[in-house]
Amino acid sequence: MILAEDPTAAAVLDAVPCYPVPPSGRSPAIDTLRASRAGHGFIVGSDGMMLILRRPWLKLDYRVTEGPECHAPYGEVGSDATLLLCGLIPGELLVRILDHFRASLPNEAAAFILWNERTGEFSIDFPEIEAATPSRLVYRTPQPGPDCHVICDLHSHGTMPAFFSATDNEDDAHATKVAVVVGGLSYPEGPDFAVRLCAGGLFIPLPRLPFAEAAYAA
Ligand SMILES: [Zn+2]
């Protein structure tokens, strides 16, 4: 079946496919999409349309629409699922990042967590800051090698509360990463956090920080 005659349009549809869910719930095409190392596409079922997004470190199944109001003889897309294939980040990296953020006060600061797919190791990248003030920060996202992935982007709001600003939303719109804002660095009860998964243009709230042994809830 030809989905598009124009080769460019066909390439776009091939890169981001969309498959109906058979009544059984499974098909070879959907299995291949779910098993891909990196990429994304959609499946359409009687209960809605689901984004299936994969990165070497992330598995995301997320229903983006409700089902059609008309009868559709399809199976169900099923429930949402988010899985960090890389596992949780060692808590000691968060301790080091918080030390760095406190040392940068009153200015904002930033840090990235990289994950090496081959070795399974995590590392911190403190980006070169082009401009920093207590309310603004300009820095570049690292460009890691083929085995390495930026999985988490943390920045501080200094002594201000943690929340995602309009600037943060613009910065995160095209990224696939966990974004963390650290605020209240001067609070006696400890900092507070805002955390979300950015993927496919969505911002999905996460119930906790992606760090193991984290002494803090989000
Ligand atoms: Zn911010």
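The largest share of the lining of the largest pocket comes from β10, with five residues. Keep in mind, as you work through these exercises, that the model is predicted.

**Exercise 1. Describe the largest pocket: its volume, its lining and the elements that supply the lining.**

Solution.
- Step 1: Start with the volume, which is about 740 Å³.
- Step 2: Turn to the lining, made up of 34 residues; nearest the centre lie Y139, D153, D171, D172 and K177.
- Step 3: Sort the lining by class, and you get 16 nonpolar, nine polar and nine charged residues.
- Step 4: Look for elements that give at least two residues each; among them are β9 (136-139), β10 (148-156), α4 (166-172) and β11 (177-183).

**Exercise 2. Work out how β11 is joined to β10 and to β12.**

Solution.
- Step 1: On one side of the problem is β10, which runs parallel to β11 and is joined to it by five bridges. In this pairing, L154 stands opposite V180 of β11.
- Step 2: Next comes strand β12 (residues 192-199), which runs antiparallel to β11, with seven bridges between them. Here V178 has L197 of β12 opposite.
- Step 3: Add the helix: β10, α4 and β11 together make a right-handed β-α-β unit.

**Exercise 3. Is β11 largely enclosed or open, and which way do its residues point?**

Solution.
- Step 1: Recall a general pattern: side chains in a regular strand alternate between the two faces of the sheet.
- Step 2: Now apply the pattern to β11. K177, A179, V181 and G183 point one way, while V178, V180 and V182 point the other way.
- Step 3: Check burial, for which the cut-off is under 20% relative accessible area. Seven of the seven residues of β11 are buried, so the strand is largely enclosed by the rest of the structure.

**Exercise 4. Place D192: where is it, how exposed is it, and which residues does it contact?**

Solution.
- Step 1: Find D192 in strand β12.
- Step 2: Read its relative accessible area, 27%. Partly exposed lies between the buried limit of 20% and the exposed limit of 50%, so D192 is partly exposed.
- Step 3: Set aside neighbours within four places in sequence; D192 is then in contact with P161, A162, V181, V182, G183, G184 and Y187.
- Step 4: Finish with a distance check: A35 is 157 residues from D192 along the chain, and their C-alpha atoms are separated by 36 Å.

Definitions and conventions:
Residues numbered from 1 in each chain as written. Predicted model: local features only at pLDDT ≥ 70, side-chain atom pairs only at ≥ 80, totals over all residues. Heavy atoms only, no water. 1 Å grid on protein atoms, 1.4 Å probe; cavity = no way out; pocket = protein on both sides within 12 Å on 5 of 7 lines; lining within 4 Å. Points joined across faces, edges and corners; volume = space filled by probe spheres on them. Helix = DSSP H or I, 4+ residues; strand = E, 2+ residues; numbered from the N terminus. Nonpolar A, V, L, I, M, F, W, Y, C, P; charged D, E, K, R; others polar. Buried < 20%, exposed > 50% of the residue type's maximum accessible area, 1.4 Å probe, protein only. Pairing = 2+ DSSP bridges. Right-handed = clockwise from strand over helix to strand, strands pointing away. Contact = heavy atoms within 4.5 Å.
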